[in-house]
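Subject: Structure for your review

Dear colleague,

Please find below the structure that I am handing over to you. I would be grateful if you could look through it alongside the notes in this message.

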Amino acid sequence: MRMISLFRGIAVALVIGGWFAFPSARGLSLEQTLWAGPGYLAATLVVVALWRRRRRPTPVLFGLLAMADSAYLAWSSYVTAGLDSPLRHLIVVQIITFSLLASFRTGLKLVFFNACLLLSAAYLQETGALDALGGDAVHFWGPAYEKIAVELGLFLLAAVATTTFAAVNERELRRRRYDLEALARFALALEAVETPDDVAATMLDAIAQVYDCDSGVVVHGAGAPLRALAVRGEVDPALATGGGEGLLERSPVVALAIAEQRSLLVSHRGEDDAILAAFGPRANVMIIPVRERDGTVVGAVVVRHPVRHGSRVERRVLSMVERFVSHGSLALANACLLEEVRDLAITDGLTGLPNRRHLDELLERVCAQSARGHGALTLLMVDIDHFKRLNDTYGHQVGDEVLRLVARTLDESLRAGDIAARYGGEEFCVVMPGATGAAAVNAAERLRAAIERASVDPPVTASVGVAFGPLHGQLPVDLTEAADAALYAAKRAGRNRVMVAEPAERPRLAG
């Protein structure tokens, strides 16, 4: 309403200014012009003020004001100066203003209302009720009616063109707003995930929901071969389970996007690319590089856009998907860094096995599960025999190699679900959930024999102490003490052997 009121003020000012600028358009006296314009403007301002004070402003009053504007402009132009009056262009400006600020229907209503005003003035002139428009007589099929037809066509063209272009602009603005809102939702979703796999899955889900990319895969390999972090939709499952061994070499198109560090649009129809082949024989595929913080490309997001009657991917869609991938790349780099920090916090730097801190947390968890009746538990304490003599004889570097050899042997010889950790110094600890009795002792014997076979020069043996939960205790400290006592019993018995702890007299209960 403020903008329309501003238009009214400008229109009145132009009508008054037109009296001075165009002498041929002076159909009214200066006094009539000065009284009519400001008086009309004051009346509309009063009506607008009353309209705003209503709790529920009625659209009918708004429409009546628009019709009053048209009547004033028609009177100022046609009635006073005829069809050639320069002031008639204000009617076109009015139609454009209401089409933009109100609605397309309001603009069309004004077109028909102004057409009625013009035709009414022409018919009244022809019947003799009014003077000739602009001093010229108006007759059917005459030049005046040709001007009227042109004028009516101009009204309609102004309304349709204004509304059409405004609709295109509004649709583009809504689309951009929708894209920005989707990007904001994606940023919030990224804050709720931590692991690289979850970040990649969140990225694919967000792109699929916004841009209808039904299938996709995120391949990543910062400092390592490419592997599929996440797969969505109708993608060959072998891509996710096949690992990253040689994946980049078998995907020349993705390798090209990574090497040239640019996005690619591919209309895929071949089977010569391991990644693209997973999307089927025909698809519009977008390949967007994934970057580290320093700009290094470490992977790619590959998504399939639906093919509709040979359609191509819009540049706008590709640009927004690139923004999604840019945000996701930063979150992915942070997740990888967080995962690396966590691994460093729970991993022994020399052997690569879990460290004492992680072992204590694991023992707390598995002992609590065993105490609740969720299965048996075996704890092995493994100690390298004569390790101090080995260090003194061969040096600490050889001692470090022996520690790495024993750690690798333990890790490779364990059952699925068992965990080996470095307890401290030359001692290792093996947690075996679900194992007990003779099966656990046999497993300990296999580990001892594997360590003996793995060492050549210098020869290495190990002693092993075995404790069972809950037989030897339900608390981590009780199991550790029992296994440690069995370990020293094995050393006193001659080393390079497995010993089982003696049952506790009164094992402490968990909780």
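The notes below go from the chain as a whole to its surface, one helix and its salt bridges.

Please keep in mind that this is a predicted model.

**The chain as a whole**

The chain holds 15 helices and 10 strands. It has 511 residues, of which 43% are buried. Of the contacts between residues at least 6 apart in sequence, 64% bring together residues at least 24 apart. The exposed area of the chain is about 26,900 Å², and carbon and sulfur atoms supply 57% of that area.

**A nonpolar patch on the surface**

Met3, Leu6, Ile10, Leu14, Ile96, Leu100 and Leu101 together make a nonpolar surface patch of about 630 Å². Two elements give two or more residues each to this patch, namely helix 1 (2-21) and helix 4 (89-101). Helix 1 provides the largest share, with 4 residues. Leu101, for its part, is placed in helix 4. Its relative accessibility is 45%, so Leu101 counts as partly exposed, a class that lies between under 20% for buried and over 50% for exposed.

**Helix 2**

Helix 2 covers residues 30-53, which is 24 residues. At 1.5 Å a residue the expected span is 34 Å, and the end C-alpha atoms of helix 2 are 35 Å apart, so the two values agree. Within helix 2, the buried residues include Thr33, Gly37 and Tyr40. Thr44, Val48 and Trp51 of helix 2 are buried as well.

**Salt bridges**

Side chains of opposite charge can pair when their charged atoms come close. In this model the count comes to 18 salt bridges. Three pairs and one network are described here.

The pair Arg8 and Asp69 forms a salt bridge in which the closest N and O atoms are 2.7 Å apart. Arg8 belongs to helix 1 and Asp69 to helix 3 (residues 59-81), so this pair ties together parts that are 61 residues apart in sequence. Arg8 has a relative accessibility of 4% and therefore counts as buried. Asp69, at 2% relative accessibility, likewise counts as buried.

A second salt bridge joins Arg232 to Asp205, with 2.6 Å between the closest N and O atoms. Here too the pair links distant parts of the chain, since Arg232 is in strand 2 (residues 227-232) and Asp205 is in helix 7 (residues 196-211), 27 residues apart. Are these two residues buried or partly exposed? Arg232 is partly exposed, with a relative accessible area of 29%. Asp205 also counts as partly exposed, at 31% relative accessibility.

The third pair is Lys388 and Asp392, whose closest N and O atoms are 3.1 Å apart in their salt bridge. Both residues are in helix 12 (residues 387-394), and because they are 4 residues apart, about one helical turn separates them. Lys388 counts as exposed at 62% relative accessibility. Asp392 is exposed too, with a relative accessible area of 54%.

Finally, Glu172, Arg175 and Arg176 are linked in a network of salt bridges.

With kind regards

Notes: Residues are numbered from 1 along each chain as its sequence is written. This is a predicted model: local features need pLDDT of at least 70, side-chain atom pairs count only at pLDDT 80 or more; totals for chains, interfaces and linings use all residues. Side-chain values use heavy atoms; hydrogens and water are left out. Buried means under 20% relative accessible area, exposed over 50%, partly exposed in between (1.4 Å probe, protein chains only). Contact means heavy atoms within 4.5 Å. Accessible areas come from the Shrake-Rupley method with a 1.4 Å probe; for residues, only the protein chains shown count as cover. Patches are made of residues with over 30% relative accessible area and no salt bridge: like charges are joined within 9 Å, nonpolar side chains (Val, Leu, Ile, Met, Phe, Trp, Tyr) within 5 Å. A salt bridge is a side-chain nitrogen of Lys or Arg within 4 Å of a carboxyl oxygen of Asp or Glu. The expected span of a helix is 1.5 Å times one less than its number of residues.
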